[in-house]
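Hi everyone, thanks for making room for me today. I'd like to walk you through one structure, starting with its ligand and then moving on to its open and closed spaces. Let me put it up on the screen.

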Amino acid sequence: MTLPLHLTVNGQSVAEHVEPRTSLADFLRDRLRLTGTHLGCEMGVCGACLVLLDGKPVHGCLVLAVQAAGSEVQTIEGLAESGALADLQRAFHERNALQCGYCTPGMLITAHSLLETTPAPDRGEIRTALSGNFCRCTGYESIVDAIAVTIERRAEGAGA
Amino acid sequence: MKPPPFDYQLADSVSQALDLYARSEGDALWLAGGHSIVPSLALRLQAPSLLIDISRLPELMGITLTEEGLRIGALATHAQILSDPLVRTHAPLLSEAAAHVAHPAIRNRATFGGNLVLADPASEFPAVVRCLDAVFDIVGPEGARQVGVEDFFLDLFTTALEPGEILRSVLIPPAPASLRCGFDELARRHGDFAMVGAAVWLVVAEGVTTEARICFHSVGPTPMRATLVEEALRGRPLAADEINAAQAVLGNDLDPADDVTLPGATRLHLARVLLGRILHRLAGQTAMETAA
Ligand SMILES: Cc1cc2nc3c(=O)[nH]c(=O)nc-3n(C[C@H](O)[C@H](O)[C@H](O)COP(=O)(O)OP(=O)(O)OC[C@H]3O[C@@H](n4cnc5c(N)ncnc54)[C@H](O)[C@@H]3O)c2cc1C
Ligand code: FES
Ligand code: FES
């Protein structure tokens, strides 16, 4: 059985047919070829699959594609192209906050929504926000550094 | 890690959902936030023919203050429980506990109702609603019924809900004057399921505890009330000696089993430490302001 599915992905409207068992992450990767959404654990633990669903971060592996009908999805590709992440991306690069890069899309989405919802998070709050994102390479410290420096730069930019 | 095939129907109303269930001959599951079902389908622990999506049912939405108390729709997300101003004012134990439930992104989708119906013994909300003496508003083919929390959590992952019934909302009775309450847990990492957690609900008038409800999670098959501890506190000042005495009797209330993660004795020790922490904190606190 396949079902019709209409939704908006990175600003473009999409009409497809999917099997109900298809996760949103598999739909984005396999059907739309948006492979920046990564799959690690496929059970909500690692955070590699985060996307924005109607503006909020959710796990693409835990949402069925059919459940996103009528919704607005933003993936790491859409966010990166919009320029919304440019300073975070630069800081991740400068601080060595990625090595293999597998966790990076999820880290950026978590960091992006933290900065959207919390005006000036401290390091403890950054760590709490990242508690659902696994990184097997960096040891996290550099990721926290990159996010902290972006917060400082945004505050300086706003004050200037 | 991919689920077997199943059919999917989005329900527009409770009556349509109940109809769909009746036609499935019991081979269907309700889908709310999906954050427990989707992984369990992927792990092939469950294999229903049909998922009936109840996540857009208006009858299950909303958080409202009524004369009977605070009514929380089953579809309220964990994130809403954490940030809703009515919950913060009228059921602060729930907002406090929500900060410990899973990680931020999970909280955006997972629902309060789904969490309670799942009845995971390690979950925070079941322990909190037991402290708050909640009433479950359940609807099924025979109509609606109300079940008090003392009759709701029956066993490991087992509640009074019959197959085919829907949890519509949960009622939290009004908080009494002079209420002091606190929630805390011990987990290996923030957002992980707790090794032990506790919700404490006390009425303290002129320094003396007049009513007490204390409920632990992760220490038994259901949220566990510590009735002997409650008794030890009632009618006595909330002060250091009484807190020590209450900690001492906890071993008569709880008897956690050994499991692969922790010996039972360690879990009991942690529960005792946690109880002391929360009670000392509440002893130093003045009564919360209960809005009329
Ligand atoms: C990585 C991760 C970490 C987590 N950490 C925690 C944690 O620390 N603490 C914690 O408590 N939980 C935790 N959870 C569990 C999470 O809170 C669950 O999602 C939640 O318990 C289930 O809610 P749901 O809306 O996703 O339910 P679903 O998965 O949609 O449903 C769960 C069950 O309840 C039934 N159901 C759902 N809603 C209703 C209803 N209204 N009426 C009748 N039946 C219904 C479904 O049929 C199903 O059997 C975690 C989950 C993940 C993936
Ligand atoms: S793949 Fe979704 S959380 Fe790991
Ligand atoms: S950079 Fe390799 S997992 Fe994070």
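How far is an oxygen atom of ligand 1 from a polar backbone atom of B:I37? The answer is 2.8 Å. Before I go on, please keep in mind that this is a predicted model, and that every value I quote is computed from it.

That contact has company. A polar backbone atom of B:G34 sits 2.7 Å from an oxygen atom of ligand 1, and for B:A32 a backbone N or O atom is 2.8 Å from a ligand oxygen. As for exposure, ligand 1 on its own would show 970 Å², of which the protein buries 93%.

Now for the shell around it. Ligand 1 lies between chains A and B, with 34 residues surrounding it. The closest of those are B:W30, B:G34, B:H35, B:T111 and B:S123, so you'll notice B:G34 turning up again. Which elements of chain B give two or more residues to this shell? They are β2 (28-31), α7 (112-118) and β10 (166-172). The biggest contributor is α7(B), with four residues. If you like to think in terms of chemistry, the shell breaks down into 19 nonpolar, twelve polar and three charged residues.

A quick word on annotation. An unreviewed UniProt entry lists residues 1-177 of chain B as "domain: FAD-binding PCMH-type". Across that stretch, the chain is 31% helix and 25% strand, with 51 Å between the end C-alpha atoms.

Let's move to the second largest pocket, whose volume is about 1300 Å³. Its lining counts 43 residues, and the closest to the pocket centre are A:K56, B:A79, B:P104, B:R107 and B:N108. Both chains take part: β3 (50-53), β4 (56-59), α4 (104-117) and α5 (123-129) of chain A, along with α3 (78-83) and α6 (104-107) of chain B, each supply at least two lining residues. Which element provides the largest share? That's α4(A), with six residues. By class, this lining has 15 nonpolar, 21 polar and seven charged residues.

Last stop: the enclosed space. How many cavities of 30 Å³ or more does the structure hold? There is one, and the largest cavity has a volume of about 100 Å³. Chain A contributes A:R21, A:S23, A:D26, A:L39, A:E42, A:C61 and A:L64 to its lining, while chain B brings B:M1, B:K2, B:P3, B:V38 and B:A42. Sorted by class, that makes seven nonpolar, one polar and four charged residues.

That's my tour. Thanks for listening, and I'm happy to go back to any of these spots on the screen.

Methods:
Residues are numbered from 1 along each chain as its sequence is written. Chains are lettered from A and ligands numbered from 1 in the order in which they are written. This is a predicted model: local features need pLDDT of at least 70, side-chain atom pairs count only at pLDDT 80 or more; totals for chains, interfaces and linings use all residues. Side-chain values use heavy atoms; hydrogens and water are left out. On a 1 Å grid over the protein atoms alone, a cavity is a set of points where a 1.4 Å probe fits but cannot get out, and a pocket is an open set with protein on both sides within 12 Å along at least five of seven lines; lining residues have an atom within 4 Å of a point. Grid points are joined across faces, edges and corners, and a volume is the space filled by probe spheres set on the points. Ala, Val, Leu, Ile, Met, Phe, Trp, Tyr, Cys and Pro count as nonpolar, Asp, Glu, Lys and Arg as charged, and the others, Gly among them, as polar. UniProt positions are given in the numbering used here, feature names are shortened, and annotations may be inferred rather than shown by experiment. A residue is near a molecule or strand if one of its heavy atoms lies within 4 Å of it. A polar contact is a pair of N or O atoms within 3.5 Å; within protein, one must be able to donate a hydrogen and the other to accept it, and residues adjacent in sequence count only if both atoms are side-chain atoms. Accessible areas come from the Shrake-Rupley method with a 1.4 Å probe; for residues, only the protein chains shown count as cover.
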